[in-house]
Amino acid sequence: MAHDSMLKFVARPQAYPAKRPADARAEDFAEIAARYAPPAAEDQAGRCSQCGVPYCSVHCPLHNHIPDWLRLTAEGRLREAYELSNATSTMPEICGRICPQDRLCEGNCVIEFSGHGAVTIGSVEKFITDTAWEEGWVEPLVPGPARGASVAVIGAGPAGLTAAEYLRGHGYEVHVYDRHDRAGGLLTYGIPGFKLEKPVVMRRVERLKAGGIVFHEGFDVGEQASLDELRREHDAVLIATGVYKARALDVAGGDDRVVAALDYLIASNRKGFGDAVPAFDQGALDAAGKHVVVIGGGDTAMDCVRTAIRQGAASVKCLYRRDRKNMPGSQREVANAEEEGAEFVWLSAPAAFEADGTVRARKMRLGAPDASGRRAPEADPSGDFTLHADLVIQALGFDAEDLPTLFGAPELGVSRWGTVLVDGKTLMTSLDGVFAAGDIVRGASLVVWAIRDGRDVAATMHKWLKAKAKVGKVAA
């Protein structure tokens, strides 16, 4: 029988943590929502129906034990809730902040289907682990007994950090190589502070450093060392670089006003850290006082739109070639952006960047479904229109960089899209002892999938390294 702290969804309405007023939050890069106070978190967790088949867990890439930790939270047993949440995820408070819950756990919540509004799973998840950090329940990373073997991880994003944590727990020496001067990958440099405050990421990195994982920051694999050199130095290598190459627009014109989303977001996040960023200080990557046009409809486009508002743009318009219903980004993010003053220009695409500082845009309409089943945008014969733009930010998604060339490893097998090919079971690449995980394998995807991939590849690497050690002992 359900505990009397549960099944409150009929009498208790869905409530998310209060968002700060739009005009106040548009002034800074702090997170936009307050945290729950314990009674409110317990209350919201108590709305869970503890259903027989928990679709929330099924649709979570990590298969987190969501109903179980909701029940523990509702009962005020927060430490146990944290331990259970931590059992399947290396960074639950980060997923709680940035996962598109509306498309994953909350979007598949049984009481959402019954019309009562989903349990606010992400906000409770964030609350549980933030409380754990404050209370000192987050235990240090304790390495397993030393195995006398070392692993190189290329890329300090969520996939690499997750694999590094598990491999260190198994007793391996773990070296993480990253081209940036801070670890975290896009968690640190791609996602703005109003969605994920940077100390939240840095405390995770510090915990890994304290556990003996060695970070080589500002280390460009291919320049400072080839892949071959890393293979000689370590017993196994993991490629977890993510995908960083911006998709380019095939549009006439284009000049200094047109910048890539990631260049823009990295500059903004660096300023938040207090770094010197010449391109920002000289105005090229600063939206202050400018009429800004962002092109794209995913979460990166939303990040750019909302960053430009905070930088004091004169106006911010988002051009997207489909309509609101068919955009890939989170609907919550669109709503946040609109509240903060962004304007969405649906069914429109850039046709040319004119010399007079305008963007000629083309009206679009949705035609027949494409191969993926989404209706393909096509030019609407009703004509073009013009927008004034001092800064144009391209946020059309990311592709893989040419790793065989970058790493000096022509024999590394890649797909025609440049993603690294791996064996479906072992997650090993075409090179013996070299594994790959995260976006560099699956293409641009979600942080939660990168964490899942990091967890999976750590298990297959551990198995492979144990077999290799056994063979070595027999040979000796």
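**Exercise 1. Cysteines**

Determine whether Cys60 is buried or exposed, and establish why its sulfur forms no bond with that of Cys105.

*Solution.* The structure is a predicted model.
- Step 1. The relative accessible area of Cys60 is 7%. Buried means under 20%, so Cys60 is buried.
- Step 2. The closest cysteine sulfur to that of Cys60 belongs to Cys105, at 6.6 Å. A disulfide requires two cysteine sulfur atoms within 2.5 Å, so the distance of 6.6 Å is too far for a bond.
- Step 3. Cys109 is likewise in no disulfide: its nearest cysteine sulfur, in Cys56, lies 6.7 Å away. Cys109 has a relative accessibility of 10% and therefore counts as buried.
- Step 4. Under the distance rule, the count of disulfides is 0.

**Exercise 2. The open sheet**

State the strand order of the open sheet of 5 strands, and identify which strands stand at its edges.

*Solution.*
- Step 1. The order is β7-β14-β8-β9-β10, and the pairing is parallel.
- Step 2. β7 (258-260) and β10 (343-345) each have a single partner strand and stand at the edges, so one side of each lacks a neighbour in the sheet.
- Step 3. On average, and with direction ignored, neighbouring strands of the sheet are turned by 25 degrees against each other.

**Exercise 3. The surroundings of β14**

Find how many bridges join β14 to β8 and to β7, and describe where the side chains of β14 point.

*Solution.*
- Step 1. β8 (residues 291-295) pairs with β14 (residues 391-394) in the parallel sense over 4 bridges. Val294 has Ile393 as its bridge partner in β14, while the partner of Ile295 is Gln394.
- Step 2. β7 and β14 also run parallel, joined by 3 bridges. Here Ala260 has Gln394 as its bridge partner in β14.
- Step 3. Leu391 and Ile393 point one way from β14, whereas Val392 and Gln394 point the other way. All of these residues are buried.

**Exercise 4. A hairpin**

Characterise the pairing of β12 with β13 and the turn of the hairpin that they form.

*Solution.*
- Step 1. β12 covers residues 358-369 and β13 residues 375-388; the two strands pair in the antiparallel sense over 9 bridges.
- Step 2. One bridge can be located by its residues: Pro369 has Arg375 as its partner in β13.
- Step 3. The hairpin has 5 residues between its strands. In the turn, Gly373 has a positive phi of about 95 degrees.

**Exercise 5. Positive phi outside glycine**

Locate His63 and Leu347, and give the phi of His63 and of Leu347.

*Solution.*
- Step 1. As background, most residues other than glycine have a negative phi.
- Step 2. His63 lies in the loop between α3 (55-58) and α4 (66-74). Its phi is near 50 degrees, a positive value. His63 is partly exposed, at 40% relative accessible area.
- Step 3. Leu347 belongs to the loop between β10 and β11 (348-353). Leu347 is not a glycine, yet its phi is positive, about 50 degrees. With a relative accessibility of 27%, Leu347 counts as partly exposed.

**Exercise 6. A nonpolar patch**

Name the residues that make the nonpolar surface patch of about 390 Å², and decide whether Phe113 is buried or exposed.

*Solution.*
- Step 1. The patch is made by Val53, Tyr55, Val58 and Phe113.
- Step 2. Phe113 belongs to helix α7 (residues 110-113).
- Step 3. The relative accessible area of Phe113 is 55%. Exposed means over 50%, so Phe113 is exposed.

Note on methods
Residues are numbered from 1 along each chain as its sequence is written. This is a predicted model: local features need pLDDT of at least 70, side-chain atom pairs count only at pLDDT 80 or more; totals for chains, interfaces and linings use all residues. Side-chain values use heavy atoms; hydrogens and water are left out. Two strands pair if DSSP finds at least two bridges between them. Buried means under 20% relative accessible area, exposed over 50%, partly exposed in between (1.4 Å probe, protein chains only). Patches are made of residues with over 30% relative accessible area and no salt bridge: like charges are joined within 9 Å, nonpolar side chains (Val, Leu, Ile, Met, Phe, Trp, Tyr) within 5 Å. Accessible areas come from the Shrake-Rupley method with a 1.4 Å probe; for residues, only the protein chains shown count as cover. A salt bridge is a side-chain nitrogen of Lys or Arg within 4 Å of a carboxyl oxygen of Asp or Glu. Axes are lines fitted to C-alpha atoms, for helices over the stretch in contact, and angles run from 0 to 180 degrees between N-to-C directions.
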